[in-house]
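Thanks for coming. I have one structure to go through today, and I will take it element by element. Please have the sequence and the model in view.

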Amino acid sequence: MRIESDIKLGFKDVMIRPKRSTLKSRAEVTLEREFSFMHTGKRWTGIPVIAANMDTVGTFEMATVLARHRLITAVHKHYNLPQWEYFMSRSGKDITNYIAISTGTGKADAEKLRILINNFPEIPFICIDVANGYSEHFVSFLKETRQQFPDKVIIAGNVVTGEMVEELLLSGADIVKVGIGPGSVCTTRVKTGVGYPQLSAIIECADAAHGLGGQIISDGGCRIPGDIAKAFGGGADFVMLGGMLAGHNESGGETTEHDGRKYKLFYGMSSETAMNKHTGGVAEYRASEGKTVEIPYKGDVEDTLKDILGSLRSTCTYVGAQRLKELTKRTTFIRVMEQQNEVFE
């Protein structure tokens with residue numbers, strides 16, 4: 001047993017200090033970024049915000065809207081081949097550059113991934129997603145996937161430490177997903193005691209990834225638009241959103257109504273709800289590690305996207321970053337005890 005005593009920070013522990021800016025308007029800020037990926041050499045241009053591969057968020061309907069804004073959707077792994085074929089037949093070619101095919105690490109997952117890639121070779125991203133990215137089995141699956149699909153951009157995770165980021169990059173990942181336990185419907189920290197404050201995880205993992213020429217995704221923990229800005233400020237190349245994109249027309253989840261108000265179901269993919277739906281229940285050897293909640297219906301996701309992207313442009317004007325790429329270099333975090341005046345909360 002050992003104890004690390006240096007301070008680790010989450011989004012709630014800091015704010016971004018403003019800096020002198022020459023920008024006259026938010027309209028001058030460019031949110032698009034261009035990346036070159038370490039294993040494929042492929043280039044991608046777009047706004048580096050990703051809809052999470054949850055069946056209540058990473059839907060075909062969500063992908064259709066986000067692609068119009070050049071944002072990525074990690075489409076959840078529970079769609080079957082006929083559903084994929086129907087969606088792809090009705091979608092324009094422009095959408096494919098903003099889609100990731102999600103997969104687990106089982107034999108059935110590997111076979112389904114092979115079929116999907118063979119049927120839709122134009123999709124550039126594969127997202128290999130497990131709760132615990134520290135297992136040898138996960139690393140082996142990543143290596144096999146890289147060998148099988150050398151031309152694909154592979155996202156792999158989740159981890160929270162620099163040394164594991166390096167291992168995943170060297171094993172075939174182009175982008176590593178960072179975050180254990182910060183999600184709004186994740187109970188891993190409660191059930192296991194395992195986790196890492198998200199901002200510190202981003203800072204440490206980004207440093208490790210960028211040293212090798214890789215990228216990271218901050219996955220989880222963003223409750224408000226300001227948290228997205230903090231994730232980018234801390235060095236994240238991409239930010240993945242779950243709860244912030246849940247509850248919309250384009251989101252999955254059952255719609256309910258109480259006292260004249262609409263709600264949509266939102267749940268973690270390790271929750272009892274998700275396992276009952278997709279795997280026949282919670283296996284005897286494990287526990288549920290996710291919440292199931294009803295969140296107020298939010299309408300079209302288009303309005304939420306405008307708020308998120310407008311807020312991010314505003315952050316850039318406060319620190320003088322004309323491009324999103326410049327935000328990290330222009331960010332100084334200050335530790336705080338409070339974030340906002342909550343008298344009317």
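One term before the details: a residue counts as buried when its relative accessible area is under 20%, and as exposed when that figure is over 50%. Bear in mind as well that this is a predicted model.

With that cut-off, take strand 8, residues 153-159. How many of its seven residues are buried? Seven of the seven, so by the under 20% rule the strand is mostly covered. Strand 8 runs parallel to strand 7, residues 125-129, and five bridges join the two. If you want one pair to look at, C127 stands opposite I155 of strand 8.

These two strands belong to a barrel. Eight strands close it, in the order 4-5-6-7-8-9-10-11, and the pairing is parallel. On average, neighbouring strands of this sheet are turned by 25° against each other, ignoring direction. Where does strand 4 meet strand 11? Strand 4 covers residues 49-51 and strand 11 covers residues 238-241; they run parallel, joined by three bridges. A51 has L241 as its bridge partner in strand 11.

Next, the helices. Helix 7, residues 198-212, lies across strand 9, which is 175-178, and strand 10, which is 215-219. The angle between helix 7 and strand 10 is about 170°.

Helix 4 spans 136-148, and the loop between helix 4 and strand 8 holds P150. Within helix 4 itself we find T145. Is T145 buried or exposed? T145 has a relative accessible area of 3%, and because that is under 20%, T145 counts as buried. Setting aside residues up to four places away in sequence, T145 touches L113, I126, I128 and I154. One of these, I154, falls within strand 8, residues 153-159.

Back to P150 in the loop. Beyond its neighbours within four places in sequence, P150 is in contact with H39 and T40. For a sense of distance, P150 and S218 are separated by 68 residues in sequence and by 24 Å in space, C-alpha to C-alpha.

Now the empty space, starting with the enclosed kind. There is one cavity of 30 Å³ or more in the structure. The largest cavity holds about 50 Å³ of space. Which elements give two or more residues to its lining? They are strand 6, residues 99-103, and helix 3, residues 107-119. Helix 3 gives the most, with four residues. The lining as a whole consists of K77, I101, S102, T103, D109, K112, L113 and L116. By type, that is three nonpolar, two polar and three charged residues. L113 has come up already, as one of the residues that T145 touches.

On to the pockets. I will take the second largest, which has a volume of about 390 Å³. It is lined by 19 residues, and R33, H210, D237, K325 and T328 are the closest to its centre. Which element supplies the largest share of this lining? Helix 7 does, with four residues. At least two residues each come from strand 2 (33-36), helix 7 and helix 11 (327-330). The lining divides into eight charged, seven nonpolar and four polar residues. So helix 7, which we met lying across strand 9 and strand 10, turns up again here.The last part is a second sheet. This one is open, with three strands in the order 12-13-14 and antiparallel pairing. Which strands are at the edges? Strand 12 and strand 14 (292-296), each of which pairs on one side only. From one strand to the next, the twist averages 40°.

Strand 12, residues 255-258, pairs with strand 13, residues 261-267, over four bridges in the antiparallel sense. T255 has K264 as its bridge partner in strand 13. The hairpin formed by strand 12 and strand 13 has two residues between the strands, and D259 takes a positive phi near 50° there. On the other pairing, strand 13 and strand 14 are antiparallel over five bridges. Here Y263 stands opposite P296 of strand 14.

That is what I have. I will take questions now.

Terms used. Residues are numbered from 1 along each chain as its sequence is written. This is a predicted model: local features need pLDDT of at least 70, side-chain atom pairs count only at pLDDT 80 or more; totals for chains, interfaces and linings use all residues. Side-chain values use heavy atoms; hydrogens and water are left out. Two strands pair if DSSP finds at least two bridges between them. Axes are lines fitted to C-alpha atoms, for helices over the stretch in contact, and angles run from 0 to 180 degrees between N-to-C directions. Contact means heavy atoms within 4.5 Å. On a 1 Å grid over the protein atoms alone, a cavity is a set of points where a 1.4 Å probe fits but cannot get out, and a pocket is an open set with protein on both sides within 12 Å along at least five of seven lines; lining residues have an atom within 4 Å of a point. Grid points are joined across faces, edges and corners, and a volume is the space filled by probe spheres set on the points. Ala, Val, Leu, Ile, Met, Phe, Trp, Tyr, Cys and Pro count as nonpolar, Asp, Glu, Lys and Arg as charged, and the others, Gly among them, as polar. Buried means under 20% relative accessible area, exposed over 50%, partly exposed in between (1.4 Å probe, protein chains only).
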